[in-house]
Structure formats: C-alpha cells, structure tokens
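Colleague: Hey, got a minute to walk me through this one? I'd like to start with the rings and then see where we end up.

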Amino acid sequence: MARKTLALLGVLVALLVAVPAMAKPVTEAERLPLDLRRTTLVVKDMEASLKFYRDALGLKVTYDNVIRTPRSAKDDASAERSLHLVFLRANDDYIGQIGLMQYTKPVRTPRPARAGDLSPGDIVLVFNTKGLQEKFDKAKAMGVKVDEAPHPTSYPSYDGKGVINVLFSAFYDPDGHYIELNEVLDGLPMTR
C-alpha cells in the first residue's frame, strides 16, 4: 500500500513539475540559471540496460564511450579504472537525458536487492509516453519485476479544478531502479 501511495505521489509530482513534451518552454523571464542535464544510473550489465532503455522504452543513444584512467590507457589491462558510459535521450539533446555507467575495472559489487516498498534514498524515474502498452509488454518480456500493470487513474489538474487522466504502470529496470511509465490520456489541462 505504501509503495503504491508513494508511486502515485511520484506521478503527481512529476506531472506538476515536469515539462510535458507538448508544452512550450518557459519564457526567458521565468528561466532559472539551472538545467537538470542528466540522471546517471550505475548498472551491472550495460547490454541488459540498453535492451531495456533503448529497445523496450525507445530512448535514443547519443553518447557511447569507454573512459579509462589514466586517459592514455589503451585498454582495460593497462588502466587503473575503466567504465562504459552511455547517454540516452527522449525528446531533448541537452536536458533530461539518462546516463548508464558500468564500471568494468574495478568491477563494482551490486547493492543488495531492494527490500520492498520505496524508501528514502530511492529514486523514481517517470516517463510519459505514447503507446504505453507496447513498451510495457516489451519491458515485461525482458523479465523485469512488474509493480503495477497498466491501469487508468486520474490526478488533480494544476489548478485543482479539473483532472489529468493517465494510464499508469510501474516496474523495476534490470538493476532495480523504480520506473513509472505513464501515458497521459487527455493532455495536461490547466483547467477543466
């Protein structure tokens, strides 16, 4: 129950603070001197993560490199540290990207499996999409843990007088990051 409540609150917060794909950018007067550029997730298996984010969810790879320390190292054997870093985007090349980072030298031990409900320190990644059921089915076919299958729900609109109708779903990516995949069914009205 607590997990569902937290998930629903996460969706509401995301709807209230996220700029939907069909929204206009804020005016110059409203701009802040800060952009949320990227969220980078540390992963244990880059290929499994790419199959999830790129192939199932449909994000586009914009950067894919191996980074070694020292930078002059030609391979992992001669490096002190090595990691594979991939960036993926939805609709913007500059803001809101997802980074995937896999340490290959030294190999990092995964954290213990999640104990259940979301807790302080956990993250919730919220994606708005069209064609939610197809993306959900692709993710489920990969064997990810499903928290909630797609179902309709609604939230108060920005002014609290109307509603925002959403097809909501939730699952965990291959590394246990909590993902909400939502399809806004009737736009994001400011009023009813």
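Colleague: Is Tyr 63 buried, partly exposed or exposed?

Modeller: Tyr 63 counts as partly exposed, at 29% relative accessibility. On that scale, buried means under 20% relative accessible area, exposed means over 50%, and partly exposed is in between, with a 1.4 Å probe and protein chains only. Before we go on: this is a predicted model, where local features need pLDDT of at least 70, side-chain atom pairs count only at pLDDT 80 or more, and totals for chains, interfaces and linings use all residues. Residues are numbered from 1 along each chain as its sequence is written, and side-chain values use heavy atoms, with hydrogens and water left out.

Colleague: Got it. How many aromatic pairs are there?

Modeller: Five turn up in a search of the whole structure. Rings of Phe, Tyr and Trp (its six-membered ring) pair if their centres lie within 6.5 Å; planes under 30 degrees apart count as stacked, over 60 as edge-to-face and the rest as tilted. One of the pairs is Phe 52 with Tyr 53: the centres are 4.7 Å apart and the planes at 85°, so this pair is edge-to-face. Phe 52 is buried, with a relative accessible area of 0%, and Tyr 53 is also buried, at 0%.

Colleague: And what kind of pair do Tyr 63 and Phe 87 make?

Modeller: A stacked one, because the planes of Tyr 63 and Phe 87 are at 20°, with the centres 4.7 Å apart. Tyr 63 lies in strand S2 (residues 60-69) and Phe 87 in strand S3 (residues 81-89), so the pair ties together parts that are 24 residues apart in sequence. Those labels come from DSSP runs: helices (H or I, at least four residues) and strands (E, at least two), numbered from the N terminus. Phe 87 counts as buried, at 13% relative accessibility.

Colleague: Which residues do ring pairs link into a cluster?

Modeller: Phe 52, Tyr 53, Phe 136 and Phe 171.

Colleague: Let's look at helix H3, then. Which residues are buried there?

Modeller: In H3, Leu 132, Lys 135, Phe 136 and Ala 139 are buried. Seen down the helix axis, the buried residues of H3 fall within an arc of 100°, so they line one face. That arc is taken from the directions from the helix axis to the C-beta atoms.

Colleague: What covers them?

Modeller: The cover includes helix H2 (46-56) and strands S6 (146-156), S7 (163-172) and S8 (178-184). Contact here means heavy atoms within 4.5 Å.

Colleague: Which exposed residues are on the face turned away from the buried side of H3?

Modeller: Glu 134 and Ala 141. Glu 134 also forms a salt bridge with Lys 138, with the closest N and O atoms 3.6 Å apart. A salt bridge here is a side-chain nitrogen of Lys or Arg within 4 Å of a carboxyl oxygen of Asp or Glu. Both residues, Glu 134 and Lys 138, sit in H3 (residues 132-141), four residues apart, about one turn of the helix.

Colleague: How many salt bridges does the structure hold?

Modeller: Five. Among them is Arg 54 with Asp 55, at 2.7 Å from N to O. Another is Arg 89 with Asp 93, where the closest N and O atoms are 2.8 Å apart.

Colleague: Is Arg 89 buried or exposed?

Modeller: Arg 89 is buried, with a relative accessible area of 19%, whereas Asp 93 is exposed, at 53%.
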